[in-house]
Amino acid sequence: MFESLQERLQEAFKRLRGKGKLTESDVTEALREVRLALLEADVNFKVVKSFIARVKERAVGQEVLETLNPAQMVIKIVYEELVTLMGGANVGLTMADRPPTIIMLCGLQGAGKTTHAAKLALRLKKEGKKPLLVAADVYRPAAIKQLQVLGEQVGVPVYAEGDQVSPVDIAQRAFDYAAQERRDVIIVDTAGRLTIDEELMEELRQIKERLKPHDTLLVIDAMIGQDAVTTAEHFHGKLGIDGVILTKLDGDTRGGAALSVREVTGRPIKFVGVGEKLDALEPFHPDRMASRILGMGDVLTLIEKAQEQVDRKQAEEMTRKMLKAQFDFEDFLEQMRAMRRMGPLQDILKLLPGVGAQLKDINIDEKELKHIEAMILSMTPKERRNPDIINVRRRERIAKGSGRPIAEVHRLIKQFEQARKMMKQLGGLEKMMKRGGKMP
Ligand code: GDP
């Protein structure tokens, strides 16, 4: 996501970086580029205008121009203003003081409403809540079925009454049902239309009136850019929303919606959808998003993803082993699998500082990882625990067992040994630092 915006912004800043002191016209010139980059990314033009004005006001001040590194100051200002533009801090779901919490999802057809109802349910369930999904889209019979299928996949019950009942009544009875079954969060999936129409808005208003949701969330598709923002403006005007779930950010979106929604509607993006899978939902953090946009990576999200996959104790144990160079192929395999559970390698690497923009044309070969896994699995448990015993004969056997050429087995073992050697050095360094010693 945002690749071309990232690239354009970095181009704009590169020119500044080459200079020692900056003049006002250097800054103006760079900001002109930033402005174009944002417009090209489909950011709403009014938003761009006020954004640039704010940055400019701060950036051409004497203080900035006279600092030692004005280019960096300008980037810092752009970063801070991007964070502010997207709402500052992350805003989570509004939970009821006394359960059940009611979340109402609305949006146009195809935005990802039903999928995101299930994603939210899964997330809440992982947090220890007992959600209930409610099928209140009675116009598209397939929608009810779809929610039931998704509900089953995430292991969350779905309340449905078919398509002959008014959605307002369904929502009301779902509330009673939740109380009876002690479900503590109700997620209502409402009907969508292809375009905004008055009848739909009236129905949504009625459901909202009756249910008094704690959170009314609008689901919008990032791929439609400006239109997503117009949709948000409309829904907010007619219905009143509390926040937005911005979906399909994994696609080839230019980013305009993510940058404009908050400023245009005054309502925060609470979550972003980053894939079709049901765990592809991330809380929206303006600061992390701004870092990603400026190519500074998003290490925090990376760490969170890792923590979801490996428990803390396991991670600590792994680090201890690594530093003592007791690391073996079993650990290697475990680590590789944990990493793959985090998602496609490409998406993970993009979160690293400086990697995002460079990665655009590189294709990470997931196949190669499969081959490595096959080779490790062709080792006996004893070999995995004691890689030193893997002699030539054993290597030949491993090659045969995994169906890989022998040269590849040699390469894997060599890489593994190098990695272990490096870790040993790191371990020694760490011990020394702990003793308060000096670097050699
Ligand atoms: P609804 O009509 O608003 O309920 O939309 P659906 O939930 O049926 O989603 C429409 C399509 O978008 C489906 O094919 C989903 O798999 C897909 N989709 C939903 N969210 C995402 C997302 O975050 N990323 C991607 N790539 N696809 C998504």
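**Group meeting: a walk through the sheet, a helix and the cores**

Okay, let me start right in the middle: Met 104 has Thr 216, in strand S5 (215-221), as its bridge partner. Met 104 itself belongs to strand S1 (101-106). When I say strand or helix, I mean a DSSP run, numbered from the N terminus: E with at least two residues for a strand, H or I with at least four for a helix.

Quick housekeeping. This is a predicted model, where local features need pLDDT of at least 70 and side-chain atom pairs count only at pLDDT 80 or more, while totals for chains, interfaces and linings use all residues. Residues are numbered from 1 along each chain as its sequence is written.

So, the overall numbers. The protein chain contains 21 helices and eight strands. Of its 440 residues, 37% are buried. Buried here means 20 or more other C-beta atoms within 10 Å of the residue's own; exposed means 12 or fewer, partly exposed is in between, and the C-beta atoms are placed from the backbone. And if you take contacts between residues at least 6 apart in sequence, 74% join residues at least 24 apart. A contact means two C-beta atoms, placed from the backbone, within 7 Å.

Back to the sheet. In what order do the eight strands come? Reading across, we get S3-S2-S4-S1-S5-S6-S7-S8, an open sheet with mixed pairing. Pairing means that DSSP finds at least two bridges between two strands. At the edges sit strand S3 (158-159) and strand S8 (281-283), each pairing on one side only.

Now S1. With S5, S1 pairs in the parallel sense over four bridges. With S4, the pairing is also parallel, over five bridges, and there Leu 105 has Asp 189 as its bridge partner. Six of the six residues of S1 are buried, so the rest of the structure largely encloses this strand. Thr 101, Ile 103 and Leu 105 are on one face, with Ile 102, Met 104 and Cys 106 on the other.

S2, residues 131-136, tells a similar story. How many of its six residues are buried? Six of the six, so S2 is largely enclosed too. One side carries Pro 131, Leu 133 and Ala 135, and the other carries Leu 132, Val 134 and Ala 136. S2 runs parallel to S4 over six bridges, with Ala 135 standing opposite Asp 189. Two bridges join S2 to S3, again parallel, and Val 134 has Tyr 159 as its partner there.

Next, helix H9, residues 198-211. Its 14 residues should span 20 Å at 1.5 Å a residue, and the end C-alpha atoms are indeed 20 Å apart. That expected span is 1.5 Å times one less than the number of residues. Which residues of H9 are buried? They are Leu 200, Leu 204, Ile 207, Lys 208 and Leu 211. They cover an arc of only 100° around the axis, which puts them on the same side of H9; the arc is taken from the directions from the helix axis to the C-beta atoms. On the other side, Glu 198, Glu 199, Glu 202 and Glu 209 are exposed. The cover over the buried residues includes S1, S2, S4 and S5, along with helix H8 (167-181). Right after H9 comes Lys 212, with a positive phi near 45°.

On to the cores. A nonpolar core is a set of buried Ala, Val, Leu, Ile, Met, Phe, Trp, Tyr and Cys residues joined through C-beta atoms within 7 Å. The largest one has 97 residues, and Ile 103, Leu 133, Val 134, Ile 186, Ile 187 and Leu 246 touch the most other members. Helix H5 (residues 70-85) gives the largest share of this core, seven residues. The core also draws at least three residues from each of domain 1 (3-85) and domain 2 (101-296), with bounds from an automatic or database domain assignment. Take Ile 187: beyond its neighbours within four places in sequence, its contacts include Ile 103, Leu 120, Leu 133 and Val 134. There is also a second, separate core of eight residues, including Phe 329, Phe 332, Met 375 and Met 379.

Last stop, Ser 25, in helix H2 (residues 24-40). Is Ser 25 buried or exposed? Exposed, because Ser 25 has 9 C-beta neighbours inside 10 Å. Val 60 is 35 residues away in sequence, but 9.0 Å away in space, C-alpha to C-alpha.
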